[in-house]
Amino acid sequence: MGSFAAYDAVRPTILTVPGLGGSGPSHWQTLWESSVPGVHRADLGMWNTPHRNSWVTKLDEAIRQAEAPVILVAHSLGCLAVAWWAQLSPQPYGWPVAGALLVAPADTDRPDACAELKAFAPSPRIPLPFPSLVVASTDDPWITIDRAHSLAAEWGSHFVDVGDTGHINAASGIGRWPEGLDLLDRVIAAAGQDGRPSLSPGDARALLTRSRDLDPPPVFGDRPGNAPLIARTQNQLH
């Protein structure tokens with residue numbers, strides 16, 4: 001893989017990484033892209049017929065072209081693309097990717113996985129070189145909660161169980177998913193408040209595991225006092 005662009009920035013670049021089929025207009029990733037400053041989609045292409053190496057190459061290009069530091073926000077099969085990128089394109093800890101929010105990872109190793117998912121098997125089993133959160137639901141049809149927890153352990157990620165939320169997508173009825181924006185705030189804090197990888201892995205993980213009441217002020221979260229960053233218009237929730 002190639003070299004990476006870098007610059008001294010306070011706010012990171014947020015790259016969304018959708019899964020199989022991409023993310024439609026009502027998906028929270030799409031809604032974040034249209035309402036949160038600094039959020040852009042990594043266009044991996046071939047959304048309905050994904051190819052692992054092609055997706056990893058496209059993700060690598062998107063990361064290199066972005067203004068680092070980069071926070072990856074992946075959903076479903078996109079989480080596996082991130083894990084494969086980390087395995088095939090090693091980086092120093094926390095740079096240029098400073099952190100990741102990995103939501104509802106698909107289980108590519110289950111016996112009944114479809115061919116599109118099996119193309120990404122086996123799941124990488126390496127610690128990710130950046131602080132990360134794995135978020136999973138107890139009734140996700142694409143992965144069991146225990147398997148999602150195992151992936152988090154293998155990737156060195158902090159694990160968050162959000163209860164019965166399906167595949168944590170548009171069909172889950174979560175709209176713009178403000179709770180996810182709170183989790184994104186936490187990842188950004190763990191990546192370093194000044195946009196540089198200044199925290200050790202241990203300190204970053206400690207920030208990821210802190211309770212919400214102890215978290216620093218929100219950067220992107222949809223909480224009181226943060227109205228300038230995220231508009232609260234109803235038409236963004238369609």
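Q: How many disulfides does the structure hold?
A: The count is 0. For a pair of cysteines to make the list, their sulfur atoms would have to sit within 2.5 Å. Keep in mind that this is a predicted model.

Q: What makes Cys79 buried and Cys114 partly exposed?
A: Buried means under 20% relative accessible area, and partly exposed covers the range from there up to 50%. Cys79 comes in at 0%, so it is buried. Cys114 has 27%, so it counts as partly exposed.

Q: What is the overall layout of the protein chain, in helices and strands?
A: There are 7 helices and 6 strands. Reading from the N terminus, the elements go β-α-β-α-β-α-β-α-β-α-β-α-α.

Q: How do the strands fit together in the sheet, and in what order?
A: They form an open sheet of 6 strands, ordered 2-1-3-4-5-6, with parallel pairing. From one strand to the next, the twist averages 20°.

Q: Why are strand 2 and strand 6 said to stand at the edges?
A: Each has a single partner strand, so one side of each is left without a neighbour in the sheet. Strand 2 covers residues 39–41. For strand 6, the partner is strand 5, joined to it in parallel by 4 bridges. One spot to look at there is Val134, which stands opposite Phe159 in strand 6.

Q: How do you know that strand 3 pairs with strand 4 and with strand 1?
A: Pairing takes at least two bridges between two strands. Strand 3 (residues 70–75) and strand 4 (residues 97–103) have 6 bridges, in the parallel sense. Strand 1 (residues 13–17) and strand 3 have 5, also parallel. Both counts meet the cut-off, so both are pairs. For landmarks on the strand 4 side, Val73 has Leu101 as its bridge partner, and His75 has Val103. On the strand 1 side, Val17 stands opposite Ala74.

Q: Why is strand 3 called largely enclosed?
A: 6 of the 6 residues of strand 3 are buried, so the rest of the structure largely encloses it. The cover is on both faces: Val70, Leu72 and Ala74 are buried on one side, and Ile71, Val73 and His75 on the other.

Q: What makes strand 5 mostly covered?
A: Again it comes down to burial, with 5 of its 5 residues buried. Ser132, Val134 and Ala136 point one way, while Leu133 and Val135 point the other way, and all are buried. Strand 5 also runs parallel to strand 4, joined to it by 4 bridges. Among the partners across that pairing are Leu101 and Leu133.

Q: Why is Val103 called buried, and what is it in contact with?
A: Its relative accessible area is 0%, so Val103 falls under the 20% cut-off for buried. Val103 lies in strand 4. Leaving out neighbours within four places in sequence, Val103 is in contact with Trp28, Ala74, His75, Ser76, Cys79, Val135, Ile168 and Trp177. Val103 and Leu133 are 30 residues apart in sequence, yet their C-alpha atoms are 8.1 Å apart in space.

Q: Why does Leu44 count as buried, even though its place is in a loop?
A: Burial goes by area, and Leu44 has a relative accessible area of 1%, so it is buried. The loop in question runs between strand 2 and helix 2 (52–65). Leaving aside neighbours within four places in sequence, Leu44 is in contact with Val17, Trp55, Lys58 and Leu59. Thr57 is 13 residues from Leu44 along the chain, with 8.3 Å between their C-alpha atoms.

Q: How do you know that the buried residues of helix 7 line one face?
A: Those residues are Ala204, Leu207 and Leu208, in a helix spanning residues 201–209. Seen down the helix axis, they fall within an arc of 100°, so they line one face of helix 7. What covers them includes strand 5 (132–136), strand 6 (158–161) and helix 6 (178–191).

Q: What do the totals say about burial, contacts and surface in the protein chain?
A: Of the 238 residues, 53% are buried. Among contacts between residues at least 6 apart in sequence, 78% join residues at least 24 apart. The accessible surface comes to about 9800 Å², and 54% of that belongs to carbon and sulfur atoms.

Notes
Residues numbered from 1 in each chain as written. Predicted model: local features only at pLDDT ≥ 70, side-chain atom pairs only at ≥ 80, totals over all residues. Heavy atoms only, no water. Buried < 20%, exposed > 50% of the residue type's maximum accessible area, 1.4 Å probe, protein only. Helix = DSSP H or I, 4+ residues; strand = E, 2+ residues; numbered from the N terminus. Arc of directions from axis to C-beta. Contact = heavy atoms within 4.5 Å. Areas by Shrake-Rupley, 256 points an atom, 1.4 Å probe, with all protein chains shown as cover. Axes fitted to C-alpha atoms, helices over the stretch in contact; angles between N-to-C directions.
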